[in-house]
There are 2 protein chains.
Amino acid sequence: MKKLVIFGVGLIGGSVALALKKANQYAPHIVGVGRGESSLKIALDLGVIDEASDNIEQALKGADMVLIATPVAQTPEILRAIKPHLTTSTIITDAGSTKSDVLSYAHNILGNLSAQFVGGHPIAGAEKSGVSAANSELFLNKNVVLTPTDETQLNAINAVQEMWQTCGAKVTNMTASSHDSIFAAVSHLPHLLAFALVNDLATRPNADQLFDFAASGFRDFTRIAGSSPEMWRDISLANKTALLSELSTYQAEVSNLKTMLENEDAASLQALFERASLARNAWAKSNENK
Amino acid sequence: MKKLVIFGVGLIGGSVALALKKANQYAPHIVGVGRGESSLKIALDLGVIDEASDNIEQALKGADMVLIATPVAQTPEILRAIKPHLTTSTIITDAGSTKSDVLSYAHNILGNLSAQFVGGHPIAGAEKSGVSAANSELFLNKNVVLTPTDETQLNAINAVQEMWQTCGAKVTNMTASSHDSIFAAVSHLPHLLAFALVNDLATRPNADQLFDFAASGFRDFTRIAGSSPEMWRDISLANKTALLSELSTYQAEVSNLKTMLENEDAASLQALFERASLARNAWAKSNENK
């Protein structure tokens, strides 16, 4: 790859840039495009990108790949803006947390060129944001999911896969729908549950007293409730169907727990807690890098 | 205080012993009593306690205070065992996570002597267990709740309060019922919700795939689902009424979220996420030591 254009040089885009720069034989010329002039300037000053641009036509000239690493809500606008400047060999990919919606944007906006689009989702870096937090090892041993369709060009899939593997990531291909179901369960559901718990407590008359006595269990359980409200509004709406199904399944699980408790069914409670704690501790043991 | 007898020299009991030993003017002679001979021997070898005993009569001779720091389920048995050896000046306290049940044990078993019993709950140290993890600073700036009743002797309240303050803790008095309501909300509820999420995912046909893609958000949200199943079975049953009420309130909160999502009510979703994330981040900022 000779030239990579990154839209949104924040934590994700910036970390991709830094990781690729470290891989000497691969290192492309990297152009950052964005509306936040000051963050592009920081990226340039930090040496994360080689060039900053607000001219999409010039930025895309001779580009092998375009990586969209902005909030997902900006993706349609960016696809519309780049479309006139794409050639039949420009590969386009993204880093959004939901994939069915992004594929549908690509299909509707890019038309035939959507065969050159590969949806992607790197599973890393929720805690910090901004290019100042970018680092070349963010994706080391982390999962990246790609969601090609039957129409996606093989060379596009391979190029995006190579890009992420160069960043040190483990790449898995699956359908957008599988991706969205899996992440509804392991990511979107816990986020909504954490937001719900904090909202539940924060809106009570004795909220201050409750928060005074909240300790480390509460701290960890609710850490993800400190995440960006805009981002999670967009993810929730984009993955509405899978998420509603997860919320219903979870409510049934909680109702089941309530019944055990109402019946003082000590054996069933202990069995459920044991299954959960065994599964959780086994997961933690084999996922120490997460 | 000249002599303190600790039942259950694990993380909590051991850390109290170490903290009191450091406070020279206060430091009592500390006797550890327990069934786990090997852990008592470790406590003795580590210098956590001055004496290990399996003879309750001898252990209690001349004791100013008895601290019960075993799992709560053992409390009634210990109260029965110590009762014949208590004098009218022996102060008794505990460190259990639920308080109404413990006060009722004390009332029923100790009779008149229950005026010398002060229920206590140090809010610290859920992650590790065992005397090897004990440290003299475990309670530094941590909350300890005491739950005296109208019958509790003032000198008993003062002595237990002084003991915890010597360990560096902030002591708050409240009724057992307030304690159990507060901790149902900020501790017991999140634990059950985390157990429920892991159990929900672990019992699915594609559990392995789901766990493969679970990342840092899942890790933190579910950390407390790795806690002791026996301990949480006992806490849930002991605090059944308050916990059932919390579970119902939480289910209503989740139903509310579902309705917003079904209606694609972006503004309400964002408002809820914003309230939660502001509250959570404000809490984190003023509770950095938790």
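## A buried aspartate at the meeting of two chains

In this predicted model, Asp200(B) belongs to helix H7 of chain B, which covers residues 176–202. Asp200(B) is buried, because its relative accessible area is 3%, and the cut-off for burial is under 20%. Apart from neighbours within four places in sequence, the contacts of Asp200(B) are Leu189(A), Thr249(A), Tyr250(A) and Glu253(A).

The contact with Tyr250(A) can also be followed from the other side. Leaving out neighbours within four places in sequence, Tyr250(A) is in contact with Leu189(A) and Leu193(A) of chain A. The list for Tyr250(A) continues with Leu193(B), Ala196(B), Leu197(B), Asp200(B) and Tyr250(B).

## The nonpolar core

The largest nonpolar core contains 84 residues. Within this core, the residues with the most contacts are Leu193(A), Tyr250(A), Leu193(B) and Tyr250(B). Three of these names recur in the surroundings described above: Tyr250(A) is in contact with Leu193(A), Leu193(B) and Tyr250(B). As a general background, nonpolar side chains in soluble globular proteins tend to be buried together.

## Confidence of the prediction

For the complex, the predictor gives an ipTM of 0.92 and a pTM of 0.93. Chain A has a mean pLDDT of 95, and 99% of its residues reach 70 or more.

## Chain A as a whole

Chain A is built with 12 helices and nine strands. Its C-alpha trace spans about 70 × 40 × 35 Å along the principal axes. Of the 290 residues in chain A, 56% are buried. Among the contacts in chain A with a separation of 6 or more, 75% are between residues 24 or more positions apart.

The accessible surface of chain A is about 11800 Å², and carbon and sulfur atoms contribute 48% of it. Chain A carries 23 positive and 29 negative side chains; the centres of these two sets are 4 Å apart.

## Helix H5 and its cover

Helix H5 of chain A comprises residues 100–110. Its buried residues are Asp101(A), Val102(A), Leu103(A), Ala106(A), Ile109(A) and Leu110(A). The cover over the buried residues of H5(A) includes three helices of chain A, namely H4 (75–82), H7 (176–202) and H10 (229–238). Strands E5 (91–94) and E6 (117–118) of chain A are also included in that cover. Just after H5(A) comes Gly111(A), with a positive phi of about 60°.

## Two buried strand residues in chain A

Gly120(A) is part of strand E7, residues 120–122 of chain A. With a relative accessibility of 0%, Gly120(A) counts as buried. Not counting residues up to four places away in sequence, Gly120(A) touches Thr93(A), Asp94(A), Ala95(A), Gly96(A), Lys99(A), Val145(A) and Leu146(A). The C-alpha atom of Gly120(A) is separated by 42 Å from that of Asp208(A), a residue 88 places away along the chain.

Val145(A), one of the residues that Gly120(A) touches, is in strand E8 (residues 143–146) of chain A. Val145(A) likewise counts as buried, at 0% relative accessibility. The C-alpha atoms of Val145(A) and Thr172(A) are separated by 4.9 Å, although the two residues are 27 apart along the chain. With residues up to four places away in sequence set aside, Val145(A) touches Gly119(A), Gly120(A), His121(A), Thr172(A), Met174(A), His179(A) and Phe183(A). Val145(A) also touches Phe213(B), a residue of chain B.

## Loop residues

Most residues other than glycine have a negative phi. Glu264(A) has a phi near 50°, a positive value in a residue that is not glycine. Glu264(A) is located in the loop between helix H11 (240–262) and helix H12 (266–286) of chain A. In chain B, Glu264(B) also has a positive phi, of about 50°, and is found in the loop that links helix H11 (240–262) and helix H12 (266–286) of that chain. Glu264(B) counts as partly exposed, with 49% relative accessibility.

Another loop residue of chain B is Pro71(B), placed between strand E4 (65–68) and helix H4 (75–82). Pro71(B) is exposed, because its relative accessible area of 52% lies over the 50% cut-off. The C-alpha atoms of Pro71(B) and Thr90(B) are 22 Å apart, and the two residues are separated by 19 residues along the chain.

Note on methods: Residues numbered from 1 in each chain as written. Chains lettered and ligands numbered in written order. Predicted model: local features only at pLDDT ≥ 70, side-chain atom pairs only at ≥ 80, totals over all residues. Heavy atoms only, no water. Helix = DSSP H or I, 4+ residues; strand = E, 2+ residues; numbered from the N terminus. Buried < 20%, exposed > 50% of the residue type's maximum accessible area, 1.4 Å probe, protein only. Contact = heavy atoms within 4.5 Å. Areas by Shrake-Rupley, 256 points an atom, 1.4 Å probe, with all protein chains shown as cover. Lys, Arg positive; Asp, Glu negative; His and termini not counted. Charge placed at Lys NZ, Arg CZ, Asp CG, Glu CD. pLDDT = per-residue confidence, 0-100. Core = buried A, V, L, I, M, F, W, Y, C linked by side-chain atoms within 4.5 Å.
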